[in-house]
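Trainee: Could you take me through one part of this model slowly, with its surroundings, so that I can follow it on the screen?

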Amino acid sequence: MHIMDILQNSTRAKATVVTLEVLEDAANDTLTLRFIDNGCGMDAEMVQKVVNPFFTTRTTRKVGLGLPLLKQNTEQTGGHLGIESEVGKGTTVTAVFGLTHLDRPPMGDLAGTVVLTAASYPDIHFIFHYHNDQTGYTFDTDEVNEALDGMSIQEPEIIAYLKEMVEENIKN
């Protein structure tokens, strides 16, 4: 859910390119999630505020729990959360978890989250990098759309195929 939440933040920030990197490093016992976007960005004051659960830029509610909960979960595993942002340039959120820590939330349906987010925002260029000690894999919607040759990434059959493809590649 953290991944989907931060990807949604990027889309709300009007990003046209969103990158998610998932890096499993067994030697250092870390799992790093890095979200990079070219959205509207934030000034230094806003970066400090976004980790406060009682701050949100949304008008539909008075709290914003996404980044504060992500920060809490990283810290519970001996990790940390970092946010770098520049107005007009974009934002990078880096969440580092203890890979084998008992309190690390499960990864969940990573392939489904990536593919469904990409299909939900077909005008955004999504890039997903997955790396562990043995392998690396990249899913890039520009490459996917080129291969689809005019077919929509939003077609249920395409979504199912892409989800299976991403699952296989990150499993292997």
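Mentor: What follows is a close look at helix α5 and the parts around it, in a model that is predicted.

Helix α5 runs over residues 141-148, and its buried residues are Thr141, Val144 and Leu148. Seen down the axis of α5, these buried residues fall within an arc of 55°, so they line one face of the helix. On the other side of α5 you will find Glu143, Glu146 and Ala147, which are exposed. If you then ask what lies over the buried residues of α5, the cover includes two helices, α4 (110-120) and α6 (156-171), together with the strands β5 (125-131) and β6 (136-140).

The two ends of α5 each deserve a look. At its start, a side-chain oxygen of Asp140 reaches to within 2.8 Å of the backbone nitrogen of Asp142. After α5 comes Asp149, and the phi of Asp149 is positive, near 50°.

Asp140 and Asp142 both come up again when we turn to His125, which has its place in strand β5. The side chain of His125 is joined to that of Asp140 by a polar contact of 2.7 Å, and a polar contact of 3.3 Å joins the side chains of His125 and Asp142. With a relative accessible area of 16%, His125 is buried, since the cut-off for that word is under 20%. Leaving aside its neighbours within four places in sequence, His125 is in contact with Asp140, Thr141 and Asp142, and also with Thr16, Val17 and Val18.

Two of the elements that cover α5, namely α4 and α6, also meet one another. Their axes come within 8 Å and cross at roughly 140°. That angle makes α4 oblique to α6, because the label of roughly antiparallel is kept for angles over 145 degrees. The crossing in which α4 passes α6 is right-handed. On the α4 side the residues that take part are Leu110, Ala111, Gly112, Val115, Leu116 and Ala119, and on the α6 side they meet Ile159, Leu162, Lys163, Val166, Glu167 and Ile170.

From α4 and β5 we can go on to α1, because the buried residues of α1 pack against both of these elements, and against β1, β2 (30-37), α3 (66-76) and β4 (90-98) as well. The buried residues in question are His2, Ile3, Ile6, Leu7, Ser10 and Thr11. α1 is followed by Lys14, whose phi is positive, near 65°.

Ala13 lies in the loop between α1 (2-12) and β1 (17-25), and at 15% relative accessibility Ala13 counts as buried. Not counting residues up to four places away in sequence, Ala13 touches Gly39 and Cys40. The C-alpha atoms of Ala13 and Gly41 are separated by 7.2 Å, although these residues are 28 residues apart along the chain.

Lys14 also gives a distance to Val50: their C-alpha atoms are separated by 17 Å, and they are 36 residues apart along the chain. Val50 itself lies in the loop between α2 (44-49) and α3, and at 12% relative accessibility Val50 counts as buried.

To return to where we began, keep in view the face of α5 lined by Thr141, Val144 and Leu148, and the contacts that His125 makes with Asp140 and Asp142.

Technical notes: Residues numbered from 1 in each chain as written. Predicted model: local features only at pLDDT ≥ 70, side-chain atom pairs only at ≥ 80, totals over all residues. Heavy atoms only, no water. Buried < 20%, exposed > 50% of the residue type's maximum accessible area, 1.4 Å probe, protein only. Helix = DSSP H or I, 4+ residues; strand = E, 2+ residues; numbered from the N terminus. Arc of directions from axis to C-beta. Contact = heavy atoms within 4.5 Å. Polar contact = N/O pair within 3.5 Å; in protein donor to acceptor, adjacent residues only side chain to side chain. Axes fitted to C-alpha atoms, helices over the stretch in contact; angles between N-to-C directions. Parallel < 35°, antiparallel > 145°, perpendicular 65-115°, else oblique. Left-handed = near helix turned anticlockwise from the far one by under 90°.
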